[in-house]
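Work through the two exercises below with the model open beside you, and try each task before reading its solution.

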Amino acid sequence: MNIVFRNNLFKYVATTCFRSQLTATKLNVSFNRTLHTSNVSHDLMEFFDDKKNWNETNIKVGRAWKLDELRIKSNTDLHKLWYVLLKERNMLYTMEHECKEKVRLFPNPERIDKVQESMKNIETVVRERNIAYYTLETGETGERPVEQVVNRFGLKENYEKSEYIIPKFMNKKWVRPYLEHGLINSLAVKKFYRLYKEKLHNETRKARNRDYNHVQQLLKRFPDMDLEKLKAEYPNVDIEKAMRTKKARGHYFPKY
């Protein structure tokens, strides 16, 4: 596009918009927004916290919204509450970034977690209502069907199905890596999957040993503790075997 023509086009659009706004002002036409969250001044200061909290080290805040509290609200109230939380989250992110820039302590960082938890609970409630509605109307949940597939690393994952322009067997981008080249059954993938299972096994074994040693220390310090509660707390530990060890009976000296 020619630069002169583009500049003239921009000037024409700007002049037209200005004339339209001027005409609407002369005619006393009021344009109302279809969505609003609160009565505010609509400036950049909305992205910052109240000025009285800028130098505070501890700000008193409430807890997150629970699922039982959100289930009794209407869809309109949930819609309004979502945008209030979204505005609060944006403000907290701005204040956190500003505190990092000024090398200051961000007061009560758990506020972000509470807002995120509330928004997650709203999504859960809305999803429950959508599932109930589609189940009553169509007999289906309305959720996108999920299928367990094997990815390129040989691991199983849940894949949400979606519509594509072409069928699967005609999609060369999908067929060639999986079928023609055999990446799933290749030696590299099998080696990775074997090492991955070994890593998971080692993590499980170490966690089991940590619990076993911790149970021995508890039996040594509290010999009269309730064994039933101990079994419920550590179901993967053999309590009877741990009680017979020297470490649990107090005759164990650590090696230095």
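**Exercise 1: the largest pocket**

By class, eight nonpolar, three polar and four charged residues make up the lining of the largest pocket. The model is a predicted one, in which local features need pLDDT of at least 70 and side-chain atom pairs count only at pLDDT 80 or more, while totals for chains, interfaces and linings use all residues. Residues are numbered from 1 along each chain as its sequence is written, and side-chain values use heavy atoms, with hydrogens and water left out.

Task: which residues lie nearest the centre of the largest pocket, and which element gives the most to its lining?

Solution. Start from the 15 lining residues, among which V149, Y159, Y164, K168 and W174 lie nearest the centre. Next, assign the lining to elements: β1 (146–150), β2 (156–160) and α5 (172–180) give two or more residues each, and β1 gives the most, with three residues.

**Exercise 2: the largest nonpolar core**

Task: which element supplies the largest share of the largest nonpolar core, and which residues does L70 touch?

Solution. This core (buried nonpolar side chains joined through atoms within 4.5 Å, buried meaning under 20% relative accessible area with a 1.4 Å probe) has 14 residues, and L70, L81, L85, L92, F106, V115 and I122 have the most contacts inside it. Both α3 (75–101) and α4 (110–138) supply at least two of its residues, with the largest share, seven residues, coming from α3. Finally, leaving aside residues up to four places away in sequence, L70 touches W65, L78, L81, S118, N121, I122, V125 and R129 (heavy atoms within 4.5 Å).

Methods
1 Å grid on protein atoms, 1.4 Å probe; cavity = no way out; pocket = protein on both sides within 12 Å on 5 of 7 lines; lining within 4 Å. Helix = DSSP H or I, 4+ residues; strand = E, 2+ residues; numbered from the N terminus. Nonpolar A, V, L, I, M, F, W, Y, C, P; charged D, E, K, R; others polar. Buried < 20%, exposed > 50% of the residue type's maximum accessible area, 1.4 Å probe, protein only.
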